[in-house]
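Colleague: I'd love a close look at a single part of this model, namely the strands and what packs against them. Please take your time and go through it step by step.

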Amino acid sequence: MSGIDLNDIKRRMEGAINAFKSDIASLRTGRASANILDPVMVEAYGSRVPLNQVANITVPEARMLGVSIWDKSMVGAVDRAIRESNLGLNPIVDGQSLRIPLPELNEERRKSLVKVAHDYAEKAKVAVRHVRRDGMDGLKKAEKDGDIGQDESRSQSEKVQKMTDDTISEVDRLLGDKEKEIMQV
């Protein structure tokens, strides 16, 4: 009796949740967070690298980020990368570091951040559904090949469906929490 590896399916669904958590952590709310700069890629030494590989990011106060760049020659590239990142941030160059004041979020900006969060949630749900489809295809194949019986196949497909439903409701819960956090003035 084999069928499919339910633990593998669970692990892959948890991977989709973790990717979603990471995506929404980078969305800006009222408070400063070093995660805001996670999506920023810097042109460094002939390739594009994440900002955290060329600088240290700190949160010196509630509405300010500090970026200490390790290599003095990278200051311009880091400044440019942050300005071009569509995060609406304007760094202030201060020697070998940058100070980034976070502007107040207006209603329009909050709504656009919520829209981005919804896009991230949809992406996570699609990933979960892909995992479910892979699992269901595996079950159909195992049943067709005679590796498992119809009852076992039905039982496992119900487990896969339950995992899918639970994972999608977790995505919805996280999205709801993030939405409240963004819209809170």
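Modeller: Happy to! One cut-off first: two strands count as paired if DSSP finds at least two bridges between them. Strands E1 (residues 41-44) and E2 (residues 47-50) meet that rule, with 4 bridges joining them in an antiparallel arrangement. Please keep in mind that this is a predicted model. Its mean pLDDT is 87, with 96% of the residues at 70 or more. E1 is where confidence is lowest, at a mean of 87, while helix H4 (residues 150-183) has the highest, at 92.

For orientation, the protein is split into domain 1 (6-27 + 106-184) and domain 2 (34-101). The centres of these two domains, taken over C-alpha atoms, are 32 Å apart.

Let's stay with the hairpin of E1 and E2 for a moment. Between its strands there are 2 residues, and Tyr-45 has a positive phi near 50° there. Within the pairing, Val-42 has Val-49 of E2 as its bridge partner. In a regular strand, side chains alternate between the two faces of the sheet. E1 shows such an alternation: Val-42 and Ala-44 are buried and point to one face, whereas Met-41 and Glu-43 point to the other and are not buried.

Now for the open sheet. Its 4 strands come in the order E3-E4-E6-E5, with antiparallel pairing. Strand E3 (55-61) and E5 are the edge strands; each has a single partner, so one side of each lacks a neighbour in the sheet. On average, neighbouring strands here are turned by 25° against each other, direction ignored.

Inside that order, E4 and E6 are paired antiparallel over 5 bridges. Val-67 has Leu-98 in E6 as its bridge partner, and Met-64 is matched in E6 with Pro-101. E6 also pairs with E5, again antiparallel, over 3 bridges. In that region Asp-94 stands opposite Ser-97 of E6. The hairpin of E5 and E6 has 2 residues between its strands, and Gly-95 takes a positive phi near 70° in it.

The side chains of E6 tell a two-sided story as well. Leu-98 and Ile-100 face one way and are buried, while Ser-97, Arg-99 and Pro-101 point to the other face and are not. So the bridge partner of Val-67 is one of the buried residues of E6, whereas the bridge partner of Met-64 is among those that are not.

What packs on this sheet? Helix H2 does, touching E4, E5 and E6, and its direction makes about 20° with that of E6. The buried residues of H2 (residues 75-83) are Val-75, Ala-77, Val-78, Asp-79, Ala-81 and Ile-82. Their cover includes strand E4 (64-69), strand E5 (92-94) and strand E6 (97-101), and E1 takes part too. In this way E1, whose Val-42 and Ala-44 are buried, also belongs to the surroundings of the helix.

Notes:
Residues numbered from 1 in each chain as written. Predicted model: local features only at pLDDT ≥ 70, side-chain atom pairs only at ≥ 80, totals over all residues. Heavy atoms only, no water. Domains from an automatic or database assignment. pLDDT = per-residue confidence, 0-100. Buried < 20%, exposed > 50% of the residue type's maximum accessible area, 1.4 Å probe, protein only. Contact = heavy atoms within 4.5 Å. Axes fitted to C-alpha atoms, helices over the stretch in contact; angles between N-to-C directions.
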